[in-house]
Amino acid sequence: MNAKQIIEKYGTLLAGVAVFIFLAIFANNFASGANLLNVLKQVSFLSILAMGFTFALITSELDLSFANVCSLCAVIIGFLIMSDVHWALASVVGLIAGVLAGMINGFLITVLKVPSLIATLGTSAMANGFAFMITGGVAFVGRWDPNFLFLARGKIGPIPVLVLVMLVALIVAVVLSTQTKTGIQLQATGENEEAARRAGINTRRRKVLGLTISGLSAGVTAILLTANLSSAAPQMGGDYMLLAIAAALLGMTMFTPAKPNILGSFVGSLIIVMLSNGLVLLGAQYYIQDIVLGIIIIASVAISATVLKQAAFSL
Amino acid sequence: MNAKQIIEKYGTLLAGVAVFIFLAIFANNFASGANLLNVLKQVSFLSILAMGFTFALITSELDLSFANVCSLCAVIIGFLIMSDVHWALASVVGLIAGVLAGMINGFLITVLKVPSLIATLGTSAMANGFAFMITGGVAFVGRWDPNFLFLARGKIGPIPVLVLVMLVALIVAVVLSTQTKTGIQLQATGENEEAARRAGINTRRRKVLGLTISGLSAGVTAILLTANLSSAAPQMGGDYMLLAIAAALLGMTMFTPAKPNILGSFVGSLIIVMLSNGLVLLGAQYYIQDIVLGIIIIASVAISATVLKQAAFSL
Amino acid sequence: FELGVVAFQMSSETHARCANAVEARATELGWEAQILNSNGALQTHAEQLDNLIQKGVDGLVVCMSKPVEADGQFEAAKAAGIPVISVMSGSSPHTLFDIQVNEYGVGADAALYLLGMINFRGNLLVQRFEANAGTRIRGKILDSVLSENTAVQIVGEHSMARTQSWREDVRNGMQALILQQTGNFDGVWASFDGQAFVIDDLLLAAGMSKGDVPLISIDGGEEAFRRIKDENSMMTATVSIPFEEMGTAAVDAMQAIAVEGVEKETLVPGPYMFMNAVLVDASNVDEFLSE
Amino acid sequence: MTTKVEVRGIYKNYGAVEALRGVDVTIREGEIHAICGDNGAGKSTLIKILSGVEIPDQGEFKIDNLPRRFETPTEALTSGLATIHQDLAVASRMAIYQNIFMGAELTRSVMGLRLLDKKRMREASLRYMGQLNKSITDMNTKVEALSGGQRQAVAICRALRWNAQIVILDEPTAALGVRETEQVLELIRSLKAAGKTVILISHSMKDVVATADRVTILRQGKTQLSMETDGLNADRLAHYILSGETVSSH
Amino acid sequence: MTTKVEVRGIYKNYGAVEALRGVDVTIREGEIHAICGDNGAGKSTLIKILSGVEIPDQGEFKIDNLPRRFETPTEALTSGLATIHQDLAVASRMAIYQNIFMGAELTRSVMGLRLLDKKRMREASLRYMGQLNKSITDMNTKVEALSGGQRQAVAICRALRWNAQIVILDEPTAALGVRETEQVLELIRSLKAAGKTVILISHSMKDVVATADRVTILRQGKTQLSMETDGLNADRLAHYILSGETVSSH
Ligand SMILES: Nc1ncnc2c1ncn2[C@@H]1O[C@H](COP(=O)(O)OP(=O)(O)OP(=O)(O)O)[C@@H](O)[C@H]1O
Ligand SMILES: Nc1ncnc2c1ncn2[C@@H]1O[C@H](COP(=O)(O)OP(=O)(O)OP(=O)(O)O)[C@@H](O)[C@H]1O
Ligand SMILES: [Mg+2]
Ligand SMILES: [Mg+2]
């Protein structure tokens, strides 16, 4: 592989490493074990959402609903647990809610043929409405079963459960998307739906699957967020929407350039979280964070594009 | 034209008319002249933003930054006026800021070849950061020159200035996009960039133009919003992002199905504003608004798609 | 002294006023103050606290924080020896204390004042905001005051459905209600002053002038006082919550406890440092206007 | 010879356009059957209907004397009918081997999991491509980097991979050079030799007379005529198309 | 005859692929010059360079004895060189007339504003299309509703509209039927009669010998040979391509 190809495939990763080194030198405490573990824990929420979003993106569908679906799932879980339903059952219901939301998106997109951008915009608004309807805006707080809280706050040996969950999700997602028949068919569906259909792939089912995985990951994140914050509130996932999209798009400049890919989304999430952690440690004011985040995202994609001599990806 | 073609072209419009009739019957005071004028005034902000966004969309670029750019422009205008700069000069500076933001987006997309989704996500974060930097989060309020407030609150004869500005913007935008060489070249660029390039169109310049118009309309809206609210705050345009995108996508199901078009974006804005006004008059809870909005958007697009027997549009 | 400041949502003016006051006072003392904005997101809030703890700041002031959700973070701060003072957040076993005005009392003051203005009889327009704890409490207090005074009815109410473009949302919703209820309402209640400013402009545009219907809200601040004083404004009264003073007090307390070594108990015996919220109307507005 | 495919009275409109207005074709088992006609005559539309890409408005077809109606391409493929469409429908950003095995990827078992067997797919792809175009050896190459003719070869290989009883080729040689055309024609003959039924659409009269056993000419959405190619030469066939003459056989 | 286009030593790599490895071609004013060769020989790449779509790595070309270097298609078009590419590059969701006039829309003045003159564009388009395909009369039809051959006609009309001195056609008849092919060849001859220089890329040896004055064969990115077509027949030409023989003329 020549230098150009290395930059093409790993440019953004190298940019991330450069940021890491920069922060390790200049940001007090950044490279301490405790802080790095802290970063890893923080990245779990974002990366799971970003990986789910990536599955939808692989089939060429944009899922703009996952963040609000995540909030809705959290609120449902909170409501059930506060109504004395066992936490495990409540969590399963939360997952099912996420899966259902994904399937509804899939139905709207493949059967009713509503373009994903608008279908998920619509379900997103609806999920938000329902979350407020269930809560009246008031967060569910109170006593939570310690076993439930363990899901996000516990450790197994030295490793936080959050980090374990994230790693499992990462491995499953990578294998599923790159090493299985289903994964390559998701990709074929996204690359050229008509070609995939003519080659005998049930493209509808693949699209529904992609969106369902996105919904599922919203459900998983809802459980983790609720357990981590011991609270369930509407809009608690809202902030992640743009961040997860940014992570996935950043990821499209890595590994398999111009294509959505799980590993890229993961590294993208890592870069974003690392940056916001590092900026805090550097003492940057809050508004500087947004500005720097914007610059870094644009710059790393621009570098990839310059090397590719074409847009880093198209959507 | 047969029934199918009518529904194909005017289905969403008819859905809007149906909603109008429903509200006129069931929502107290909805159909009063004063309220309808009120709706028209309210739609001006959303429709101007949606039309600007549509110009970018015509060239196949998604501008996700216009809402935060609008907030930034408003904050700049507010800052200048509160620093005793003449309101007219301050407004011009606000417009220039919007145009500049659009041109920066254009530069990132066409020269640095950063895909629009990520470029505008980045500039959006940056605009938000700058708006907070200028304000520290506190709105500019206080005494405003009555001439400035007139821009959004005045009437010329019986017609509110807001409505006049909107109509002028609508006419200019419709003529520009459908009746001029520039407009059709914007469209050709969006439909098939390579074909347009080979046909001798400077597609870069067209894309920059589309994005610049989007930025300009953010600036115009910033002036109107600031004058209308006699205050300027960061994020004051924020929620218009999803609403304006929804309006433009809704518009893609009308008039020239599957293509972004100005008239459609305008009618889409009208439907959205009419709905939220009507729901308030019906006494609906705030969360019902989101749910109904989601349903209406999905349903009207789904109907168009069913008639078209294919996705209402693809992006 | 390195002071970390976390505001839950800087786009909310009260959060910003509090955080900016903290920064200003800290700068006066020659401290380094770093403000973070959680954007209204609970997890972001928790993460920012974590990050500041990792940074090893010398003290933390949190504005409108969520002690239940950030419980783990406050505990970690305590373990790391970082003193935490919260403002308008609620108490936590892991923070020094919370600087508070009593939201319930504030809501009751405003509701009672409004009812007094219309002699406990008539129709109200109400502008709510349900997604925020403080404003929601104020609304609930209004409701319970009204439940005892059945001659007063809410004839139109609007609840903000948007959190960023909320000014336009308020304007649009209230405009529709004002048109619908023209001549049929005797008072207007808004859950915070920012809403009241927007409504004030609408009422003026509808041809009303000061005293026609009382417009009452809560929060206070320069603009609110200016409007109460201004003959061309409908704004009648507000309950002034001293956000700046609370911010300043937080820094001063931090200085006393963390720098000068004063015992927390001698400064604030219980979980709260209560501050007074004063009802401001035409009678006392001059005391509050800075010029 | 038994009848393999029998098409009767097929109609298909696209909006106002009547693409097919009653097409009849009989294709015998094991023959190479060419379909010719002007641009827009409806050849591709007919093929799309046979292959489940489009659904006819009216009419029916039988395969092996059983009435069939394919709602999706999958149904056609699993019924033993593989098609190379005129608009190639390849995923240009995917590798050659991924395109060839699209929809029927090979897997191997790794610790109980069925994972993709990329190596075997690449090797098999190389064998398929070798029959048509020896110049391409790296099966990881993305299709977008191939020339028009090379892409055509990929599409043909994908159809071969199905090992179907009926193979339909819609203008497979249109983009091909002299050498590559000869290879494809050779391949078509070898399909016939292996007992397959081949439907070939072509504008090259020369190729048709050189390979096909029988030919059907479509004209404005209808069957103009069907005949044996024995003793037919390219000019004569062109004459039928240009003139619109309807002789049932000669 | 004077030399119109002179190509010297052009090299072009796509990543690892050497598409052109030193191509020389001389094209005389007013002739029809065919370029032939295997798939992947580099014909389209050469055309893309001449038309400003791609930029060569090395080498140069002259037009009317002036060295030229086109960075964009616009520069080529305004220098009097119009091209119909093999990958048609039409905007399929736009109308026929919009495609034909793309980039050079006609306008009229209305109250001082320059507005599109749609009527005139439709009429002119109908005239252009009439030369090639009489079956399509509604110029508002979207290109996506056309058959392959009909689309080809639209692309040709767009090139004609430029009224360029040099017209390049990259496999214009590949998708065309017998009748339509004849019409395009006729059109090419009429371009020549009007004094234009035509570069024709084709895999049809028959068409080349029937229309071209001279032919250049490319082979693996290099010029194999150039010769007059006088007395050449299709089989002989095919033989040159298949064998790779290099005779400078015969
Ligand atoms: N998707 C479509 N929408 C509308 N009309 C269509 C569509 N596809 C084909 N047509 C029309 O149907 C008719 C038949 O088209 P078809 O593609 O079957 O022709 P063909 O015989 O394959 O032509 P060619 O030799 O050019 O490939 C043409 O008039 C074409 O314009
Ligand atoms: N964009 C590209 N990226 C990488 N390789 C390319 C690209 N375009 C062409 N090539 C390669 O360059 C070589 C020449 O391609 P070109 O399209 O010029 O051939 P051609 O002579 O026109 O062939 P055909 O007759 O099939 O159209 C081929 O090997 C092709 O794979
Ligand atoms: Mg065809
Ligand atoms: Mg070619």
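**Entry 1: ligand 2**

I started with ligand 2 in this predicted model. Which residues come nearest to ligand 2? Of the 20 residues around it, I wrote down Ala145(D), Asn39(E), Gly40(E), Ser44(E) and Thr45(E). Those names carry two chain letters, and I checked what that says about the site. The site is shared between chains, because residues from chains D and E surround ligand 2.

Next I looked up some polar contacts. On chain E, an N or O atom in the side chain of Ser44(E) is 2.7 Å from an oxygen atom of ligand 2. Gly40(E) uses its backbone instead: an N or O atom there lies 2.8 Å from a ligand 2 oxygen. From chain D, the side chain of Gln150(D) has an N or O atom 3.1 Å from an oxygen of ligand 2.

How much of ligand 2 does the protein cover? I found that 85% of the 630 Å² of accessible area that ligand 2 has on its own is covered. Then I asked which elements give two or more residues to the shell. They are α5 (148-161) of chain D, along with β2 (17-28) and α1 (43-50) of chain E. I also sorted the shell by class, which gave six nonpolar, eleven polar and three charged residues.

**Entry 2: ligand 1**

I moved on to ligand 1 with the questions I had used before. Here 20 residues surround the ligand, and the closest are Asn39(D), Gly40(D), Ser44(D), Thr45(D) and Ala145(E). This site is shared between chains too, since residues from chains D and E surround ligand 1.

The contacts I noted here come from chain D. A polar side-chain atom of Ser44(D) lies 2.7 Å from an oxygen atom of ligand 1. A polar backbone atom of Gly42(D) is 2.9 Å from a ligand 1 oxygen, and a backbone N or O atom of Ala41(D) lies 3.2 Å from one. For coverage, I found that the protein hides 85% of the 630 Å² of accessible area that ligand 1 has on its own.

Which elements each supply at least two residues of the shell around ligand 1? My list reads β2 (17-28) and α1 (43-50) of chain D, together with α5 (148-161) of chain E. By class, I counted six nonpolar, eleven polar and three charged residues in this shell.

**Entry 3: helix α1 of chain D**

Ser44(D) and Thr45(D) had come up beside ligand 1, and both turn up among the buried residues of α1(D). Is this helix enclosed or open? Eight of its eight residues are buried, so α1(D) is largely enclosed by the rest of the structure. Besides those two, the buried residues are Lys43(D), Leu46(D), Ile47(D), Lys48(D), Ile49(D) and Leu50(D). Just after the helix, I noticed that Gly52(D) takes a positive phi of about 80°.

**Entry 4: salt bridges**

How many salt bridges are there over all chains? The count comes to 52, and I picked a few to follow.

In chain C, Glu13(C) pairs with Arg167(C), with the closest N and O atoms 3.8 Å apart. This pair links distant parts of the chain: Glu13(C) is in helix α1 (residues 13-28) and Arg167(C) in helix α6 (residues 166-180), 154 residues apart. Are the two partners buried or exposed? Glu13(C) counts as partly exposed because its relative accessibility is 26%, while Arg167(C), at 9%, is buried.

My next pair was Glu103(C) and Arg138(C), whose side chains meet at 3.0 Å, N to O. Glu103(C) lies in helix α4 (residues 103-117) and Arg138(C) in helix α5 (residues 133-148), so the bridge ties together parts that are 35 residues apart in sequence. Both Glu103(C) and Arg138(C) are buried.

In chain D, I found Glu54(D) bridged to Lys12(D), with the closest N and O atoms 3.7 Å apart. Glu54(D) sits in the loop between α1 and β4 (58-63), Lys12(D) in strand β1 (residues 3-14), and 42 residues separate them. Lys12(D) is buried, because its relative accessible area is 8%.

Finally, I traced a network. Salt bridges with shared partners join Arg153(B), Asp200(C), Asp201(C), Glu223(C), Arg226(C), Arg227(C) and Asp230(C).

**Entry 5: a patch on chain A**

My last stop was the surface of chain A. Val17(A), Phe20(A), Ile21(A), Phe22(A), Ile25(A), Phe26(A) and Leu282(A) form a nonpolar patch there, with about 660 Å² of accessible area together. I looked up where Leu282(A) belongs, and its place is in the loop between α12 (262-281) and α13 (286-308). Leu282(A) has 37% relative accessibility, so it counts as partly exposed.

Conventions: Residues numbered from 1 in each chain as written. Chains lettered and ligands numbered in written order. Predicted model: local features only at pLDDT ≥ 70, side-chain atom pairs only at ≥ 80, totals over all residues. Heavy atoms only, no water. Patch = residues over 30% accessible without salt bridge, like charges linked within 9 Å, V, L, I, M, F, W, Y side chains within 5 Å. Areas by Shrake-Rupley, 256 points an atom, 1.4 Å probe, with all protein chains shown as cover. Salt bridge = Lys/Arg side-chain N within 4 Å of Asp/Glu carboxyl O. Helix = DSSP H or I, 4+ residues; strand = E, 2+ residues; numbered from the N terminus. Buried < 20%, exposed > 50% of the residue type's maximum accessible area, 1.4 Å probe, protein only. Near = heavy atom within 4 Å. Polar contact = N/O pair within 3.5 Å; in protein donor to acceptor, adjacent residues only side chain to side chain. Nonpolar A, V, L, I, M, F, W, Y, C, P; charged D, E, K, R; others polar.
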